[in-house]
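Reader: I'd like a close look at a single part of this one, with whatever surrounds it brought in as you go. Could you walk me through it in one go?

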Amino acid sequence: MLFKFKNYLAQLKWGLLFTVALPTILIAAYYGFWASDIYTSEARFVVRSPDRPAAPSLGNLLQGAGFGKTQDDSSTVREYILSRDALRVLEDKMGIMAAYSNPSVDVFSRFAGLDADSSMEALHRYYQHKVDVQTDSASSIVTLAVKAFTAQDAANANRILLEQSENLVNHLNERGRQDLIRYAATEVAVAEKKAKAAGLAVSEYRSAQNVVDPDRQATMQIERVAKLQDELIVNTTQLAQLTAFTPANPQIPSLKNHSKVLQGEIAKENSRVTGSQASLATKAAEYQRLALDADFANKQLGSALASLESARSEALRQQVYLERIAQPNLPDVAQEPRRVRSIAATLILGLVAWGILSMLLAGMREHQG
């Protein structure tokens with residue numbers, strides 16, 4: 001019985017050694033003498049558009065400056081920051097691979113330390129664990145946190161990512177403006193071409209038919225016919241009076257001849273207005289059709305020009321802005337690793353494991369006894 005008890009105590013001692021003491025000593029040695037410091041640089045910004053309403057709290061403050069939140073654009077910026085394109089920019093501008101794979105960094109933390117894969121794909125996977133982008137759903141404020149093994153590398157990477165995000169937003173603005181204005185300008189060009197063609201058709205018709213405005217000319221012809229008719233009435237009245245009272249008056253033949261001339265002029269002027277293919281009434285129908293086409297084309301051109309001006313104004317009004325709220329900081333102390341907490345967590349987990357192991361051993365001992 002005593003032998004079994006001593007054996008049980010020995011098992012507990014070895015269990016305590018392997019589940020508590022040894023892991024805690026190893027973790028304490030790693031975090032105390034080997035683990036590299038990790039610095040975190042943070043920046044805060046918001047992506048806003050002047051035509052969208054802002055959210056409560058800080059969103060209302062920024063709304064007073066004429067900006068509305070754009071969560072879709074914030075998501076676009078987030079995806080870009082975590083993309084391979086952003087990683088390539090960091091590599092080109094500051095050599096992010098060399099910063100993350102520095103031999104002075106402990107082998108467990110640095111890039112390609114335990115893993116021999118040093119490709120860009122492997123770096124991208126590693127990079128996504130070093131960059132964090134969080135968006136506050138209430139205020140749409142985006143927090144960008146970049147981790148590196150020196151404070152300067154963390155601040156530089158954060159600054160470059162923020163600058164590239166601004167460039168992305170500006171590029172999206174310019175692309176949207178160009179597309180909007182290009183479409184409106186195309187509509188103006190088409191409308192202008194139609195207006196010129198319609199105006200040229202009216203001009204060619206005037207030259208071919210030797211008319212300026214058939215309606216106006218017909219009105220003038222009718223007025224002339226009315227004057228001739230008034231003169232004919234006066235002449236007929238005078239002729240009737242002379243014939244009735246002085247049949248031998250020598251003016252009677254002259255008045256008769258003048259009446260015939262007036263009647264001929266009236267018939268001639270009427271034929272110019274109506275009654276033949278060359279009359280103004282016939283020409284007026286085609287002219288009105290061409291003039292209507294020209295007027296419609298001019299109105300279309302005016303509408304297209306107004307749309308172009310509206311598109312230019314709308315393109316400027318709907319710009320999206322990336323407003324910095326907090327600039328990338330240069331950390332003066334490492335935020336990670338949390339050495340004491342990690343050691344304490346290891347000790348607690350070891351004690352829990354040892355307690356469970358002790359209960360299992362005690363259960364087995366009672367079962368055997």
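Author: Take Ala28 and set aside its neighbours within four places in sequence: what remains in contact with Ala28 is Phe33 and Ile343. This is a predicted model, by the way, so read everything here as computed. Ala28 itself sits in helix H1, which covers residues 2-34. The link to the far end of the numbering shows up in the backbone too: the C-alpha atoms of Ala28 and Ser342 are 8.4 Å apart, although 314 residues separate the two along the chain. Is Ala28 buried or exposed, then? Neither, quite: its relative accessible area is 26%, and because buried means under 20% and exposed means over 50%, Ala28 counts as partly exposed.

Staying with H1, have a look at Phe18, which belongs to that helix as well. Phe18 joins Leu17, Leu22 and Leu26 in a nonpolar patch on the surface. Together those four residues offer about 370 Å² of accessible area.

Now on to strand S1, residues 39-49, where the picture is one of enclosure. Nine of its 11 residues are buried, so the rest of the structure largely encloses S1. Which strands does S1 pair with? One is S4, residues 141-148, joined to S1 by eight bridges and running antiparallel to it. Within that pairing, Ser41 stands opposite Val146. The other is S5, residues 321-326, again antiparallel, with five bridges to S1. There, Val46 faces Glu323 as its opposite number. As a general point, side chains in a regular strand alternate between the two faces of the sheet.

S5 also brings us to helix H7, by way of Leu322. The C-alpha atoms of Leu322 and Asn167 are separated by 9.4 Å, with their positions 155 residues apart along the chain. Asn167 is placed in H7, which runs over residues 151-209. With a relative accessible area of 42%, Asn167 is partly exposed, because that value lies between the 20% and 50% cut-offs.

Gln164 is in H7 as well, but at 14% relative accessible area this residue is buried, because the value is under 20%. What does Gln164 touch, once residues up to four places away in sequence are not counted? Its contacts are Tyr80, Val89 and Lys93. So in H7 you have a partly exposed Asn167 and a buried Gln164, while back in H1 Ala28 is partly exposed and touches Phe33 and Ile343.

Methods. Residues numbered from 1 in each chain as written. Predicted model: local features only at pLDDT ≥ 70, side-chain atom pairs only at ≥ 80, totals over all residues. Heavy atoms only, no water. Patch = residues over 30% accessible without salt bridge, like charges linked within 9 Å, V, L, I, M, F, W, Y side chains within 5 Å. Areas by Shrake-Rupley, 256 points an atom, 1.4 Å probe, with all protein chains shown as cover. Salt bridge = Lys/Arg side-chain N within 4 Å of Asp/Glu carboxyl O. Helix = DSSP H or I, 4+ residues; strand = E, 2+ residues; numbered from the N terminus. Buried < 20%, exposed > 50% of the residue type's maximum accessible area, 1.4 Å probe, protein only. Contact = heavy atoms within 4.5 Å. Pairing = 2+ DSSP bridges.
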